[in-house]
Amino acid sequence: MAARILHNPKCSTSRKTLELLRDNGIEPEIVLYLKTPPTRAELQTLIADAGIEVRGAVRKRESLYGELGLADASDDELLDAMAAHPILIERPFVVTDKGTRLARPIDSVHEIL
């Protein structure tokens, strides 16, 4: 099965999700999204395909979220902020032939394996 993970090796949830994929015999394409960030359009597609709201894809605990005053931001403003500052993207997103999930909780990835 083809799979792709937007991965941050410093994130324990991201590392555990990668391990889950490998434990299921899947060696995914690993996208280090902080080095190779998705475009705004790609982000919008990932979020829509995962079936979540834009606000659900933002790392609210990231200090930059508060610094940029994003608590009351619109979806468009959030997408712009995530595209400009990929550290704001919640992780990891996993994409397979069966769908897209934000692995929070990690178990949600089982739905697309």
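This is a short walk through the structure, one selection at a time.

Before you click anything: the model is predicted, with local features needing pLDDT of at least 70 and side-chain atom pairs counting only at pLDDT 80 or more, while totals for chains, interfaces and linings use all residues. Residues are numbered from 1 along each chain as its sequence is written, and side-chain values use heavy atoms, with hydrogens and water left out.

**Whole chain, cartoon view.** You should find four helices and four strands; these are DSSP runs numbered from the N terminus, helices being H or I with at least four residues and strands E with at least two. Their order along the sequence is β-α-β-α-α-α-β-β. The radius of gyration is 13 Å, close to the 13 Å of the globule rule for 113 residues, so the protein is as compact as a globular protein of that length. That radius is taken over C-alpha atoms, and the rule is 2.2 Å times the number of residues to the power 0.38. Along the principal axes, the C-alpha atoms fill a box of roughly 40 × 25 × 25 Å.

**Colour by burial.** Of the 113 residues, 44% count as buried (under 20% relative accessible area with a 1.4 Å probe, protein chains only; exposed is over 50%, partly exposed in between).

**Select 93-96.** This is strand 3, with Phe93 and Val95 pointing one way and Val94 and Thr96 the other. All four of these side chains belong to buried residues. In a regular strand, side chains alternate between the two faces of the sheet.

**Add 3-7.** Strand 1 pairs with strand 3 in the antiparallel sense, over four bridges; pairing here takes at least two DSSP bridges between the strands. Look for Ala3, which stands opposite Thr96.

**Add 99-102.** Strand 4 is also antiparallel to strand 3, again over four bridges. Val95 has Thr100 as its bridge partner. Trace the backbone between the two strands and you'll pass through a hairpin of two residues.

**Finish at Met1.** Where does Met1 sit? It lies in the segment before strand 1. Is Met1 buried or exposed? Neither quite: Met1 is partly exposed, with a relative accessible area of 46%. Show its neighbours and you'll see Met1 touching Ile26, Thr96, Lys98, Ile112 and Leu113, not counting residues up to four places away in sequence (contact means heavy atoms within 4.5 Å). For a last distance, pick Ala48: Met1 and Ala48 are 47 residues apart in sequence and 22 Å apart in space, C-alpha to C-alpha.
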